[in-house]
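Q: Can you walk me through this one? I'd like the metal site and then a sheet.

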Amino acid sequence: MADPIQSALAAAREAGAVLLEHLHRPLHIQEKSHRADLVTEADKASEAVIVARLHAEYPAATILGEEGGERKGTSQERWIVDPLDGTTNFAHGYPLFCISIAYERDGELLAGVVYAPIMNELFAAGRGAGVRLDDKPLHVSTIPSIEDAMLCTGFKPSDYETNAPYFAQASRRAQAVRRDGAAALDLAYTAMGRFDGFWEFDLAPWDTAAGVLLVREAGGRVSAIDGSPFALSGKSIAASNGYVHDELVSLLAL
Ligand code: IPD
Ligand code: CA
Ligand code: CA
């Protein structure tokens, strides 16, 4: 049987090449649910190569992709795919975008890969096997408190009112707060210690699945925003290096 991490790595690299190819072409950008919910041919082309590979290697697995929805399989395996996380960044040529691919068996996350093609940074985690950036093992940061932390958040324009008080509060208390626009990459950066914590209120499983495993395998903590256990279907997320987690959750409990 194929190794899910290797399959995800190969699919992510292939999709990365597709995204870079599209980056240099004139883009046809469509709006989905609202003006900031974009999809381009690049999202669809990236998902097509990922799904083709994963389906060929795991014909019985379910594949949940942001653009194509759920292709139901017959086994207990499920792939969860965001073919282009950070589409708005991509559409503006801003380099923070990535591909996110996670593998679940019996509802348990076992492998996760996040690939940022412009930076050529490939993050890969296996359940119980740690996380690597290319060949280098990664760990979360050791920053002990929010006042020394660089945090990150994300929000859709429609969520601005919800997030604004937390953004303000975090900006007052932390050393810095960023809003980078690609949730899967925000989680990868938390796993590698560039960020000490990250939160967002309204995400989909394809935004979080791979990144959650990266953070956990790097020694960090993941919960819902209210500190309860994180669920892929639960939308909200707070992820951190662990040391600042309780402080982050209490800051988000305004
Ligand atoms: C979006 C990005 C963004 C987050 C949004 C997501 P997309 O994903 O991850 O950072 O704030 O909530 O929808 O649409 O670029 O794949
Ligand atoms: Ca996304
Ligand atoms: Ca996407």
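A: Below come the ground rules, a metal site and a sheet.
A: This is a predicted model: local features need pLDDT of at least 70, side-chain atom pairs count only at pLDDT 80 or more, and totals for chains, interfaces and linings use all residues. Residues are numbered from 1 along each chain as its sequence is written, chains are lettered from A and ligands numbered from 1 in written order, and side-chain values use heavy atoms, without hydrogens and water.

Q: What coordinates the calcium ion (ligand 3)?
A: E66 (OE), D82 (OD) twice and L84 (O), at 2.2 to 3.2 Å. Donors are N, O and S atoms within 2.8 Å of the metal (3.2 Å for Na, K and Ca); water is not among the atoms, so sites may look incomplete.

Q: And how are the donor residues spaced in sequence?
A: The pattern is E-x15-D-x1-L.

Q: Which residue coordinates both the calcium ion (ligand 3) and the calcium ion (ligand 2)?
A: D82 does, and the two ions are 3.7 Å apart.

Q: Are D82 and L84 buried or exposed?
A: Both are buried (under 20% relative accessible area; exposed is over 50%, partly exposed in between; 1.4 Å probe, protein chains only).

Q: Switching to the sheet. What is the strand order?
A: β12-β11-β13-β15-β14, an open sheet of five strands with mixed pairing. Strands are DSSP E runs of at least two residues, numbered from the N terminus. Two strands pair if DSSP finds at least two bridges between them.

Q: Which are the edge strands?
A: β12 (176-178) and β14 (221-223), each pairing on one side only.

Q: How many bridges join β14 to β15?
A: Three, and the strands run antiparallel. One pair is V222 with A239 in β15.

Conventions:
Helices (H or I, at least four residues) and strands (E, at least two) are DSSP runs, numbered from the N terminus.
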